[in-house]
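Trainee: I have a model open on my screen and would like to learn how to read it. Could you walk me through it?

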Amino acid sequence: MKKKRNINRHMQGMLAVFICMFAALGGYLTYSMATYGDEWFSTAYNPRISAARNIADAGSIYDRNGILLAHSVGDERRYAEDGDTRRAVSHIVGDVYGKSLGAENYFAKYLYGLDKGILDKLETGGKGADITLTVDAALCRYIYNNMEHHGAVVVMNYQTGEILASVSAPTFDPNTLKEITEEDEEGSEYLNRVTQGRYPPGSTMKILTTAAAIENGVTGFETDCTGSAIIDGQRVTCPTEGGHGHVDLTSAFTRSCNVYYAYLSEELGNANMLNTARQFAYNTAFKFPDFNMLESRFEQPGNDGDLAWAGIGQYTDLVTPMHNMLISAGVANGGVVMQPNTLLDVRYGEDSIYNYAPTQYKSIMDGGTAATLAGFMRDTVESGTATSADIGAAVMNGKTGTAEYVEDGQVKNHSWFVGYADPAHPLAIAVILEGAGFGSAHATPLAGQVIEKAVELGY
Ligand SMILES: [Zn+2]
């Protein structure tokens, strides 16, 4: 009798040890999920996701209007029925192999029900959640059909942060993808240029340089542009024959005078430029909950010649199209940038477990600076370099950019436009077309057409 009791006590002791071990393991898992959850789930090759990729039970992905973008048919994952739509949203939706990171990876925890406990799973029969994205597939398809060059277009509601369109070209067809093999060549079509493509900002950088001038009280500077200037041994030129003549801050911005901005950058100095760049979230790791995005780069120029080039966006600095759009969104929204989001809602059957709520990301300038820049950007569309973005459907504000780069020994130009429409249609946009030529001739008219289409669709 006594012996049995001892055994029982021994067993109880062992049980307590096991309970403690399980509690510790559970606690560790809970801790690591809470701390690293989002990054952990975003990893394409996360073994748990791969193991849990029971495709037959995965939820569906819809656009904001209920258009089906991805769903499972038996063990097979199928994407949007319309071929152009499928290609247009290929980067935002992603694929199950993780060749291109999109909703399929970032939101795998919902699609595969990994956010549910075992008891909840029994209740829902192991099915994953259906998710709705913020994008409008029709707007994405329109953009895809009108992009004549490789590049990126992104449109966001600057009051709420909802991404309405995000298109990267070239695209791919997720319906014909095969699992990655060792011999597989990673093609540039899988790169989402909106968040992973980094480009020289060209003259879109003059928004930042102008903000630095306003915030440091260097607004009264005037000069005569003869078409070129030598700054610290480096020659800066304007593409306009004979130059822009007498220019002040307003006319230099709307006509995009490089000579003026080269001198202005020298006036401002290194520290002020770097300070405004940091305020604009250059050299900052973006930690957005819905997607990964590369950091933009602003390097401390080594001398006044480099500083002049930095001020006109042709130094070593690089920006993603998404980040450049967010800067315009900040100007539009009184200096405050809303957090960009792509996930609208998550549902297990009728049970909604997530609904998007607008969140502020960062104040990048004060309201007065934003108002002054807004006026300059309006003038640029009304009578400056961006008149081809002037549309009937909305009042547009913007800035063009022509970013030089060298490819195969030849100087080529990326064509940029960043801007936004009036608050009746709170849309911010960035367009970059690789190697297309002048910003005013390619990216700018496309931006106008895209906003016109967005207004027609009710935004
Ligand atoms: Zn000039």
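Mentor: Happy to! Let's begin with one term: a residue is buried if 20 or more other C-beta atoms lie within 10 Å of its own. Keep in mind that this model is predicted.

Trainee: Along strand β8, which side chains point to the face where they are buried?

Mentor: The general idea is that side chains in a regular strand alternate between the two faces of the sheet. In β8 (residues 228-231), Ala229 and Ile231 share one face and are buried, whereas Ser228 and Ile230 point to the other and are not.

Trainee: What does β8 pair with?

Mentor: Its antiparallel partner is β9 (residues 234-237), joined to β8 by four bridges. Ile230 sits opposite Arg235 there. The two strands make a hairpin with two residues between them, and Asp232 in that turn has a positive phi of about 55°.

Trainee: And in the open sheet of five strands, which ones stand at the edges?

Mentor: The order is β6-β5-β17-β16-β15, with antiparallel pairing. β6 (163-169) and β15 (396-407) are the edges; each has a single partner strand, so one side of each lacks a neighbour in the sheet. From one strand to the next, the twist averages 10°. Helix α15 (residues 321-332) packs on this sheet, touching β5, β16 and β17, and its direction makes about 145° with that of β17.

Trainee: Where does pLDDT stay under 50?

Mentor: Where pLDDT is low, the predicted coordinates should not be read in detail. Here that applies to residues 1-7, with zero contacts beyond four places in sequence, and to residues 17-45, with 13 such contacts. The protein averages a pLDDT of 88.

Terms used. Residues are numbered from 1 along each chain as its sequence is written. This is a predicted model: local features need pLDDT of at least 70, side-chain atom pairs count only at pLDDT 80 or more; totals for chains, interfaces and linings use all residues. pLDDT is the predictor's confidence in each residue, from 0 to 100. Two residues are in contact if their C-beta atoms, placed from the backbone, lie within 7 Å. Two strands pair if DSSP finds at least two bridges between them. Axes are lines fitted to C-alpha atoms, for helices over the stretch in contact, and angles run from 0 to 180 degrees between N-to-C directions. A residue is buried if 20 or more other C-beta atoms lie within 10 Å of its own, exposed if 12 or fewer, and partly exposed in between; C-beta atoms are placed from the backbone.
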